Amino acid sequence: MLIKHCLKYLFKSNKFLFLSINIMILITSFMTFSLLITNNNLETVNENNQTSKQEDFQFLPKLSENDINIFASQHQISIEEMEEKNFNQILLDHQISYRDIYGNKISELQKKYGFTSEIQQSKFFEDKGNNYRVVKHNEIINKFFFVKGEMAVEDNEIVIDINTAKKQDINIGNSFKINDKEYIVSGIASFPGLINPNMSDTGLKIYKPATSVIMSLNDKQYNALNANEKIYYSGVWTSEKPQEISSTEVEYLLEKNDNTEINILDLKISMNKMIIGVTVTLLLSIVGIMLAMVLIKMIQDNLKIYGVLKGMGYKNYELIFSFSPTALLLVLPVSLGILLSSLMNNKIFGVMNNDLLAPYPNKSIDMVFSVSVVSLFTIGVLAFSFLIIFLFLRKSSINLIRETSQAKNNRIKRVLLILFARKKFLSNLRNKFIFRNLFVFCLVIFSGFALGVQLLMSMGMSSFPNQMASSFEKQYKYEYNSILNNKVDITNVKDAQGYVVRNMKIDSKNNNSEDISLIALDSNKKDQYIHFYDYETNKNITNQLSNGVIINKWFANKHNLKVGDKLKIYDNQKNSNVTITGINLDLQGNELYTSKTYYEDIFLEKVNFYSGFYSKDKPVKDKGEISQTIVQKEQYEAIKLNFENYKIISGAMLFLGIILGGILLSISIYIAIKTGEKNILLLKSMGYTNSEINKVSIIGYVNPLLIGIVISIPYFILLSKLLFGELSKSANFFLPMQTSLVNILTVTGFSLLFFALVAIIYMMKLKKSTSFQKLLAEQL
């Protein structure tokens with residue numbers, strides 16, 4: 001009988017309330033497990049790449065002048081030819097391979113530093129608006145990860161990337177046409193060294209799945225292909241601890257953490273973990289508090305019945321366990337959320353990672369973990385419900401029937417009524433309606449608070465990609481960034497600003513060293529292409545380069561640095577304490593910028609040559625001095641594209657936040673009207689108009705709603721500085737969850753509009769009824 005009464009209370013008297021709570025739990029469960037499963041699949045991709053021997057670094061050995069002379073003598077290359085042509089052209093003309101040149105050097109480096117290596121070769125060309133990168137098959141490092149099929153063996157066979165196969169609905173055995181030549185697809189693969197491929201051999205051309213194709217041919221077809229080629233060596237550490245390769249022994253060195261073709265996956269995983277931490281904590285806290293408040297309300301509604309049953313001789317434990325169906329039924333939306341997130345994750349993974357060349361590993365959430373979550377949720381809800389019932393049931397049956405628990409709030413109610421007393425009768429009546437039930441009053445405040453925090457966080461997260469891109473666009477005004485192979489005089493390059501890069505280290509708090517790049521700019525007012533702006537004030541701080549180093553916000557937050565602090569930097573040759581003179585708008589990176597004059601002062605050495613230079617016009621060098629030219633426009637687009645997908649997450653959070661906030665608000669008004677329905681009926685019978693009843697019974701709750709929104713603003717600001725700041729320290733970027741007056745006004749306006757819509761819906765019932773008897777009959 002007790003369980004039957006509980007079920008009747010839920011499905012007949014309070015079906016809207018019960019359904020709303022289930023929807024809230026379902027949304028929270030779906031979003032939480034969708035993010036968890038997506039990140040779990042990304043980590044699986046990472047593990048598969050490690051199995052395929054993903055590179056730890058790229059390099060090219062440095063040849064001494066004596067090595068070059070010996071090489072020229074062995075292959076009968078004149079000194080004039082060496083001076084006139086670039087190195088790659090010489091190799092092509094004399095049909096000399098990289099192995100012929102670097103073989104002995106690489107063997108020495110491998111033995112000295114403890115790593116294994118393999119040459120990496122790619123050719124680049126365009127055809128009919130599409131960009132192609134042809135990758136030569138690897139035997140040891142960056143081995144292809146085949147989703148279907150196998151390596152191209154015959155001359156007419158080809159391996160294509162997973163995104164191209166999906167986009168064009170291509171399978172094994174289908175034909176694929178390039179340069180008017182047809183190939184048979186023998187394999188569909190991803191490439192561990194090319195998760196975010198660069199589609200240019202000398203610069204930066206971003207990977208766009210719609211127009212970019214990664215493929216592989218057999219060695220014969222690859223060698224016969226007439227296209228620009230990029231060659232380097234990839235290394236994988238065999239020693240237990242990675243060594244630091246001296247810059248004097250390599251011409252070119254790119255660590256995995258600095259390689260944008262690879263580190264994008266780690267960045268995504270790091271960002272997802274931060275988002276999971278923030279959203280799950282926030283959603284669970286909001287839903288958890290709301291669930292607790294509703295459970296208390298459900299128990300309070302049944303106190304009279306519990307009092308009667310207790311007086312009839314029912315034991316406390318019998319009354320306590322009568323509430324178990326409610327707790328058990330709340331488990332269903334959690335289980336449904338897990339199921340839906342598992343079924344839809346293929347789509348979700350594709351949408352969130354469409355900028356990556358990463359296969360979907362289809363790794364679902366661990367069943368043990370899922371069962372554990374559902375079990376813990378069940379135990380938690382049951383334990384909380386039983387505890388609340390037990391606390392109430394300690395009272396006598398007479399007290400339960402009389403609801404004397406409300407007496408404790410009488411003094412608070414009287415104080416609030418005195419504070420808000422007004423001369424107008426309806427105003428006083430409205431205040432009595434609001435303060436009559438402090439539980440409902442607090443519930444509405446919490447609804448406004450939860451809705452405010454959800455919307456502010458969603459809008460803050462949606463602005464993050466734009467802020468990441470706009471900070472780059474605002475501060476870096478060059479058109480081209482040319483990275484030099486050798487020490488080159490750039491005085492003949494028009495409007496060039498040179499810079500020196502020195503790879504150094506700093507000591508972190510966990511007694512480990514971290515790599516940094518100290519970049520010394522040749523600053524002059526005429527050709528100044530980089531202008532730094534302060535993160536807090538947005539003022540130009542470029543002139544502070546001559547007084548110390550300027551760091552970005554992520555670096556400052558991670559190492560707890562502020563303007564005026566000293567930072568020790570060192571390498572094998574020198575260590576020095578530098579002064580932090582500014583924190584710029586950038587949100588990621590381990591670069592420290594300074595001026596050439598400050599660099600010369602702290603290291604006591606003159607800068608005669610540059611590591612690279614910025615310019616407005618594309619430089620033309622024909623002797624191999626430039627190893628890479630990065631186009632600023634492409635770099636800006638790459639930043640936008642890499643973070644653009646997080647607008648989808650913020651949009652989903654905004655949508656779900658609106659739903660959750662709307663449900664919370666609807667529940668609040670529903671409970672407010674249900675608790676005051678008798679009074680509403682009485683006012684109706686006394687001849688008050690619908691408009692007056694609306695003002696007394698519903699519109700008055702606008703004030704506690706606004707109180708909740710006001711409280712959410714400082715809470716969100718504090719949460720941004722503390723929680724997001726701490727989470728950013730373990731990530732590869734800084735998440736600037738900022739708010740603005742526009743955001744605050746938007747949240748307030750939307751909340752009031754939504755409140756008005758909900759109030760209109762609830763007043764429709766009163767407008768349709770014309771008599772007290774009819775209303776009373778509807779209530780009964």
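Q: Which residue of β7 stands opposite serine 175?
A: Isoleucine 184 does. The model is predicted: local features need pLDDT of at least 70, side-chain atom pairs count only at pLDDT 80 or more, and totals for chains, interfaces and linings use all residues. Residues are numbered from 1 along each chain as its sequence is written, and side-chain values use heavy atoms, without hydrogens or water.

Q: Why are β6 and β7 called paired strands?
A: Strands are DSSP runs of E, at least two residues; helices are runs of H or I, at least four; both are numbered from the N terminus. Two strands pair if DSSP finds at least two bridges between them. β6 and β7 (residues 181–190) are joined by 4 bridges, so they pair. They run antiparallel.

Q: What lies between β6 and β7 in their hairpin?
A: 2 residues. Asparagine 179, in the turn, has a positive phi of about 50 degrees.

Q: Which residues of β6 are on its covered face, and which on its uncovered one?
A: In β6 (residues 175–178), Phe176 and Ile178 are on the covered face. Ser175 and Lys177 are on the uncovered one. In a regular strand, side chains alternate between the two faces of the sheet.

Q: Why is lysine 128 classed as it is, buried or exposed?
A: Buried means under 20% relative accessible area, exposed over 50%, and partly exposed in between (1.4 Å probe, protein chains only). Lysine 128 has 68%, so it counts as exposed. Lysine 128 sits in the loop between β2 and β3. Its phi is near 55 degrees, a positive value in a residue other than glycine.

Q: What class does 39% relative accessibility give asparagine 538?
A: Partly exposed, because 39% falls between the two cut-offs. Asparagine 538 lies in the loop between β13 (513–521) and β14 (549–552). Though not a glycine, asparagine 538 has a positive phi of about 65 degrees.

Q: Why is asparagine 590 called buried?
A: Its relative accessible area is 18%, under the limit, so the label holds. Asparagine 590 lies in the loop between β16 (575–584) and β17 (591–595).

Q: What makes the pairing of asparagine 590 with aspartate 515 a polar contact?
A: A polar contact is a pair of N or O atoms within 3.5 Å; within protein, one must be able to donate a hydrogen and the other to accept it, and sequence-adjacent residues count only if both atoms are side-chain atoms. A polar side-chain atom of asparagine 590 lies 2.8 Å from the backbone oxygen of aspartate 515.

Q: Where is methionine 459, and which residues does it contact beyond four places in sequence?
A: Methionine 459 is in helix α18 (residues 438–462). Contact means heavy atoms within 4.5 Å. Beyond its neighbours within four places, methionine 459 contacts Asn743, Thr746 and Val747. Methionine 459 and threonine 746 are 287 residues apart along the chain, yet their C-alpha atoms are separated by 9.9 Å. At 18% relative accessibility, methionine 459 counts as buried.

Q: How many cavities of 30 Å³ or more does a search of the whole structure find?
A: There are 4. The largest holds about 100 Å³ of space. Its lining has 14 residues; Gln120, Val135, Asn138, Asn142 and Leu194 lie nearest the centre. β2 (115–127) and β3 (130–135) are the elements that give two or more residues to this lining.

Definitions and conventions:
On a 1 Å grid over the protein atoms alone, a cavity is a set of points where a 1.4 Å probe fits but cannot get out, and a pocket is an open set with protein on both sides within 12 Å along at least five of seven lines; lining residues have an atom within 4 Å of a point. Grid points are joined across faces, edges and corners, and a volume is the space filled by probe spheres set on the points.
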